[in-house]
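Me: I should like to learn how the features of a protein model are read, one at a time. Could we work through an example together?

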Amino acid sequence: SVCNFIIHLGVGIVTTPSDGSVGTSQLASTAVTTAKIADDAVTKDKVSNLMYPAFHSSLSANQTISDVTVTKVQFDTELFDTDNCYDNSTNYRFTPTVAGKYFIYTHIDGDTTGINKTDQVQLYIKKNGVTAAFIFDYPYTAAEANNIGLTLNTTLDMNGTTDYAEVFAYIDVVSGFNARVGGNSSYSRSAFGAYRIGD
């Protein structure tokens, strides 16, 4: 009249796991699919790392450069640098530590010490010392310009170890005046930055 044991015939016993007992190792690699994720379950905080490393830098003061000479722009002030990948004191280059595709941007104010003495301004983004993007401008009239502003953007595939990006400028001014890239306390005059956009 007393049952001291149970014999189960079949494929095992279904057991509901206790709360918090299922870990990563219990889940198959493809167990979680897009269909099982609610549309509003993933917030920007969960995907923001896709855009890192990232940085934005500017010139703290005007940088005088040699006339008609392609010269590296020494962006020495960081507004932010998420992973310490930008060197703002020695090489003035961005060397991201995560492989992927990066949106690179820069803008400069090509200027001179004289009024209306700027003939031409060129702007370069270089990867590992090789030109990856280039733009230039010069006045359409016989008279020189006071200053010329240029903006340049590109996308670079970086390996996350040795690849680096830099900005160079070329300014042609009237003889007897000094060429310079404009800079001041505001990061909006001449700047250089980048952020990761994908694998």
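Reply: The dialogue below takes up the sheet, the core, the aromatic rings and the charged pairs in turn. Please keep in mind that this is a predicted model.

Me: Let us begin with the sheet. In what order do the four strands of the open sheet lie?

Reply: The order is 3-9-6-7, with antiparallel pairing. Strand 3 (71-72) and strand 7 (130-137) are at the edges with a single partner strand each, so one side of each has no neighbour in the sheet.

Me: How many bridges join strand 6 and strand 9?

Reply: Strand 6 (residues 118-127) and strand 9 (residues 165-173) are paired in the antiparallel sense over nine bridges. Within this pairing, Tyr124 has Phe168 of strand 9 as its bridge partner. Phe168 also carries a charge over its ring: Lys126 lies over the face, at 4.5 Å from the ring centre.

Me: What follows strand 9, and is Ser175 buried or exposed there?

Reply: The loop between strand 9 and strand 10 (179-181) contains Ser175. Ser175 has a relative accessible area of 68%, which is over the 50% cut-off, and therefore counts as exposed.

Me: Which residues touch the most other members of the largest nonpolar core?

Reply: That core has 31 residues, and Phe75, Phe94, Ile104, Val181 and Phe192 touch the most other members. Several strands supply at least two residues each, among them strand 5 (100-112), strand 8 (148-158) and strand 11 (191-198). For Val181, the contacts beyond four places in sequence include Leu59, Val73, Ile108, Asp109, Ala169 and Ile171.

Me: How is a pair of aromatic rings described?

Reply: One gives the distance of the centres and the angle of the planes. In this model the count comes to eleven aromatic pairs. For Phe55 and Phe192, the centres are 5.0 Å apart and the planes stand at 90°, so the pair is edge-to-face. This pair links distant parts of the chain, since Phe55 belongs to strand 1 (residues 54-58) and Phe192 to strand 11, 137 residues apart. Both rings belong to buried residues: Phe55 has a relative accessible area of 0%, and Phe192 likewise has 0%. Ring pairs join Phe55, Phe75, Tyr86, Phe94, Tyr102 and Phe192 into a cluster.

Me: When can charged side chains pair?

Reply: Side chains of opposite charge can pair when their charged atoms come close. The whole structure holds five salt bridges. One of them is between Arg93 and Glu166, with the closest N and O atoms 3.1 Å apart. Arg93 is in the loop between strand 4 (77-81) and strand 5, while Glu166 is in strand 9, so the pair ties together parts 73 residues apart in sequence. Glu166 is buried, at 3% relative accessible area. Lys72, Arg93 and Glu166 are linked in a network of salt bridges. Arg93 also lies over the face of Tyr164, at 3.7 Å from the ring centre.

Me: What parts does the salt bridge of Asp109 and Arg189 tie together?

Reply: The side chains of these two residues meet at 2.8 Å, N to O. Asp109 is in strand 5 and Arg189 in the loop between strand 10 and strand 11, so the parts tied together are 80 residues apart in sequence. Asp109 is buried at 7% relative accessibility, whereas Arg189 is partly exposed at 26%.

Me: How far apart are the closest N and O atoms of Asp199 and Arg196?

Reply: In that salt bridge they are 2.3 Å apart. Asp199 is exposed, at 70% relative accessibility, while Arg196 is buried, at 8%.

How values were computed: Residues numbered from 1 in each chain as written. Heavy atoms only, no water. Pairing = 2+ DSSP bridges. Buried < 20%, exposed > 50% of the residue type's maximum accessible area, 1.4 Å probe, protein only. Core = buried A, V, L, I, M, F, W, Y, C linked by side-chain atoms within 4.5 Å. Contact = heavy atoms within 4.5 Å. Phe/Tyr/Trp six-rings, centres within 6.5 Å; stacked < 30°, edge-to-face > 60°. Lys NZ or Arg CZ within 6 Å of the ring centre and 35° of its normal. Salt bridge = Lys/Arg side-chain N within 4 Å of Asp/Glu carboxyl O.
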